[in-house]
Amino acid sequence: MGDGPRFSSAEHGFLRDMRERWEQRARVDFRFFTATKSRDEAEWASHADGEAAWFLRGLDPDRLSNQVLLDVGCGPARLLARLAPAFRIAIGVDISATMLAHARHETRDHPNVDVVRSGGHGLEFLRDGTTHCVVMHAAAIHMPLDLIRRYFREVHRVLAPSGRFRCTVNRLTDTVDDRAEASSLVEEAICRAPEGGEELVHGQDYGGHSFTEPELAALLDASGFAPVVVERVGPLTLAVDATRP
Ligand SMILES: C[S@@+](CC[C@H](N)C(=O)[O-])C[C@H]1O[C@@H](n2cnc3c(N)ncnc32)[C@H](O)[C@@H]1O
């Protein structure tokens, strides 16, 4: 069982604030703040169907049915509920108790799902090598580099040999057009924000570290993953498909 990385009191303060902000987002409108900026249930669900299929691409369904899935930053189980039927056991972890209350409701018909609230910086509730597939979508995009680094090491620790890690992070926008698109997406999100949620869209903890493709590949390599495939999935996002040797 991992002890989890040591933290300074400033870092604990940062995580406490992070939790509080996600609690507020989950209370104001958990759908809006979960990946799509959509407040419409049907639109949210259809987007989730597409993303869940994307995360399962290339994986052998016969093998998955004996495997353990971990969803880091699972939120209201938008993806977890859709991925769980493919696995023997599916575990979601999140920093926000309110998100997890939604997740329990969303997965009420899936007896193989368990959700865990964490301190927000590790996977200390899991023993080494006990999971086979880890998904971390739209969660690292809100984290600073140090925290992402800790999570990558933790994911490596809890994965069994040949385990897969699929994750999305922010892509460093490197052209004027990319930067213009990034600003217009933020403007659009603020316009669509629910009442009382405008400030939560662009609060200081909302945007996490942004990577170039080589920087991301190097961090995964340093965390022990190989092979690592980094794919650009839009102007603002990089997706990782990495294996624990
Ligand atoms: C944008 S939502 C995405 C939720 C889900 N992965 C999805 O795709 O629907 C981000 C989630 O990450 C969680 N989160 C934020 N910081 C976290 C941390 N340090 N540790 C664990 N979860 C965190 C939030 O509470 C929130 O539920």
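1. Helix axes are lines fitted to C-alpha atoms over the stretch in contact, and angles run from 0 to 180 degrees between N-to-C directions; helices (H or I, at least four residues) and strands (E, at least two) are DSSP runs numbered from the N terminus. The model is predicted, with local features needing pLDDT of at least 70, side-chain atom pairs counting only at pLDDT 80 or more, and totals for chains, interfaces and linings using all residues. Residues are numbered from 1 along each chain as its sequence is written.

2. The axes of helix 1 (residues 9-29) and helix 6 (residues 97-106) come within 7 Å and cross at roughly 40 degrees. Trp22, Glu23, Ala26 and Arg27 of helix 1 make the contact with Thr98, Met99 and His102 of helix 6, where contact requires C-beta atoms, placed from the backbone, to lie within 7 Å.

3. For helix 7 (residues 145-158), the 14 residues should span 20 Å at 1.5 Å a residue, and the end C-alpha atoms are indeed 20 Å apart; the expected span is 1.5 Å times one less than the number of residues. Its buried residues (20 or more other C-beta atoms within 10 Å of their own, C-beta atoms being placed from the backbone) include Leu147, Ile148, Tyr151 and Phe152, and also the arginines Arg150 and Arg157. The buried residues of helix 7 pack against strand 1 (68-72), strand 4 (131-136), strand 5 (159-171) and helix 10 (213-222).

4. Strand 7 (residues 228-232) is hardly covered, with zero buried residues among its five. Strand 7 runs antiparallel to strand 8 (residues 237-243), to which five bridges join it, and Val229 has Asp241 of strand 8 as its bridge partner.

Key. Two residues are in contact if their C-beta atoms, placed from the backbone, lie within 7 Å. A residue is buried if 20 or more other C-beta atoms lie within 10 Å of its own, exposed if 12 or fewer, and partly exposed in between; C-beta atoms are placed from the backbone. Two strands pair if DSSP finds at least two bridges between them.
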